[in-house]
Amino acid sequence: MRIEIIPRTLTFRQPAGTSRGIYHVRRVWYVVAHDGTRTGIGECAPLHDLSADYTPDYEAVLRQCCDRVALTGEVDAPSLETRPSVLFGLETAMLSLRRGNSALGDTPFARGECGIDINGLIWMGDHDTMLARIDDKLQSGCRCMKVKIGAIDFAAETDLLSHIRAAFPASRLELRVDANGGFTEDDVYAKLDTLARFDLHSIEQPVRAGQWRLMADIAKHSPVPVALDEEMIGVHGRDDMAALLDTIRPAYIVIKPTLHGGMTYGAQWIDMARERGIGWWITSALETNIGLNAIAHWCASYRTGMPQGLGTGLLFTDNVDTGLAMDDGRLWFRRSVTNDEMLDKICSMP
């Protein structure tokens with residue numbers, strides 16, 4: 001087997017803002033496996049300021065990992081446990097190699113019979129920009145919305161939430177917020193009390209990761225259910241995963257294969273959450289449609305009625321058509337695209 005690495009830099013249609021900063025471009029590495037007759041495509045897309053496995057020599061490390069898989073034809077997940085973005089990309093490439101096209105499963109979703117409910121994502125920006133984005137989502141039939149908070153003035157953010165709730169009560173629109181660790185120990189409880197007025201489904205990562213005892217206290221006393229996201233990055237091994245969940249006892253966890261252990265260890269997170277009565281949903285992490293497609297098909301293998309976070313593949317000015325489409329608040333798989341078609345598009349990208 002031969003595995004080719006194709007790096008690409010994609011540009012966001014609109015700047016994607018979080019409490020950590022603003023993304024204008026996105027660096028990804030496509031891994032293309034060839035076995036002489038077939039081709040498989042995966043995507044490795046670490047976030048340089050967030051992923052546990054991103055280093056300046058990322059591509060060189062990726063090359064070594066690809067060479068090992070090329071020798072055996074198998075992905076050794078335990079050896080890549082601390083390299084989640086690499087694991088996810090290689091898992092996807094091997095699955096793609098077996099399937100031959102973008103239909104990476106045999107589910108009602110893969111057959112185009114049903115869509116996956118998703119949350120409409122509102123990225124951080126100035127007040128007027130966010131307000132316009134919110135109105136667009138409301139008019140598009142969105143039934144679940146997630147708003148990024150923690151970067152602009154808190155009063156302006158609550159004004160936006162008031163605008164949403166004035167138009168749609170909780171019975172008609174599920175509303176989530178994501179602070180990306182933007183609150184502090186000094187202000188988190190007062191802000192949570194304020195946010196509780198808006199009948200929120202949950203808040204992701206209210207304070208920065210690594211403060212397990214503080215997060216446990218917040219999860220216990222918050223009037224808004226708490227979901228873990230960044231907190232799970234870099235947590236490897238069943239014992240440490242269990243310690244995190246048992247210490248904090250969140251209401252939910254948010255699973256991102258690129259950040260949290262690929263599909264292999266993402267499944268382990270789900271199993272461990274279920275054992276503890278913790279809710280969960282699956283989210284993409286700014287991958288292109290190659291990664292998003294793999295996550296969507298993996299997500300569709302689980303039976304869950306909870307809206308998922310799978311809508312970010314439309315953020316880029318250039319992308320790969322994998323047959324995904326958004327319609328009425330759901331992600332659909334409309335048609336299978338051959339691996340050769342997708343590879344041609346990747347190769348034509350600047």
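# Notebook: pockets, cavities and helix contacts

I began with the second largest pocket of this predicted model, and I found it lined by 16 residues, with Cys114, Ile116, Ala300, Tyr302 and Thr304 lying nearest its centre. Its volume came out at about 280 Å³. When I looked up which elements build the lining, β4 (116-117) and α10 (289-300) each turned out to supply at least two residues. I then sorted this lining by class and noted 8 nonpolar, 6 polar and 2 charged residues.

I turned next to the largest pocket, which holds about 630 Å³ of space. I listed 25 lining residues there, and the closest to the centre are Leu121, Lys137, Gly311, Leu314 and Leu315. The elements that give two or more residues to this lining are β1 (2-18), β5 (120-122), α3 (127-139) and β12 (324-327). By class I recorded 10 nonpolar, 8 polar and 7 charged residues for the lining of the largest pocket.

I also searched the whole structure for cavities, and the search returned 4 of 30 Å³ or more. I followed up the second largest cavity, whose volume is about 60 Å³. Which residues line the second largest cavity? I wrote down Ile41, Thr92, Ser96, Asn101, Ser102 and Leu104, followed by Ile290, Asn293, Thr322, Asn339 and Met342. At least two residues of this lining come from each of α2, α10 and α11 (339-348). The class count for the second largest cavity is 4 nonpolar and 7 polar residues, with no charged residue.

Helix α2 supplies residues to that cavity lining, and I looked up its packing against another helix as well. The axes of α2 (residues 84-99) and α9 (residues 262-275) come within 7 Å and cross at roughly 110°. I therefore entered α2 as roughly perpendicular to α9. On the α2 side the contact involves Pro84, Leu87, Phe88, Glu91 and Thr92, which meet Gly262, Met263, Thr264 and Tyr265 in α9. I noted that Thr92 belongs to this contact and also to the lining of the second largest cavity. Sorted by class, the contact of α2 with α9 has 5 nonpolar, 3 polar and 1 charged residues.

My second helix pair was α6 (residues 212-221) and α7 (residues 238-248), whose axes lie 8 Å apart and pack at an angle of about 45°. Are these two helices perpendicular or oblique to each other? I entered α6 and α7 as oblique, because the angle of about 45° falls outside the 65 to 115 degrees that count as roughly perpendicular and the pair is assigned to the oblique class. From α6, Trp212, Arg213, Met215, Ala216 and Ala219 meet Asp240, Ala243, Leu244, Thr247 and Ile248 of α7. This contact of α6 with α7 divides into 7 nonpolar, 1 polar and 2 charged residues.

Last, I checked the annotation: an unreviewed UniProt entry gives "domain: Mandelate racemase/muconate lactonizing enzyme C-terminal" for residues 127-225. In the model, the end C-alpha atoms of residues 127-225 lie 25 Å apart, and I noted the span as 45% helix and 13% strand.

Notes
Residues numbered from 1 in each chain as written. Predicted model: local features only at pLDDT ≥ 70, side-chain atom pairs only at ≥ 80, totals over all residues. Heavy atoms only, no water. UniProt positions renumbered as here; feature names shortened; annotations may be inferred. Helix = DSSP H or I, 4+ residues; strand = E, 2+ residues; numbered from the N terminus. 1 Å grid on protein atoms, 1.4 Å probe; cavity = no way out; pocket = protein on both sides within 12 Å on 5 of 7 lines; lining within 4 Å. Points joined across faces, edges and corners; volume = space filled by probe spheres on them. Nonpolar A, V, L, I, M, F, W, Y, C, P; charged D, E, K, R; others polar. Axes fitted to C-alpha atoms, helices over the stretch in contact; angles between N-to-C directions. Parallel < 35°, antiparallel > 145°, perpendicular 65-115°, else oblique. Contact = heavy atoms within 4.5 Å.
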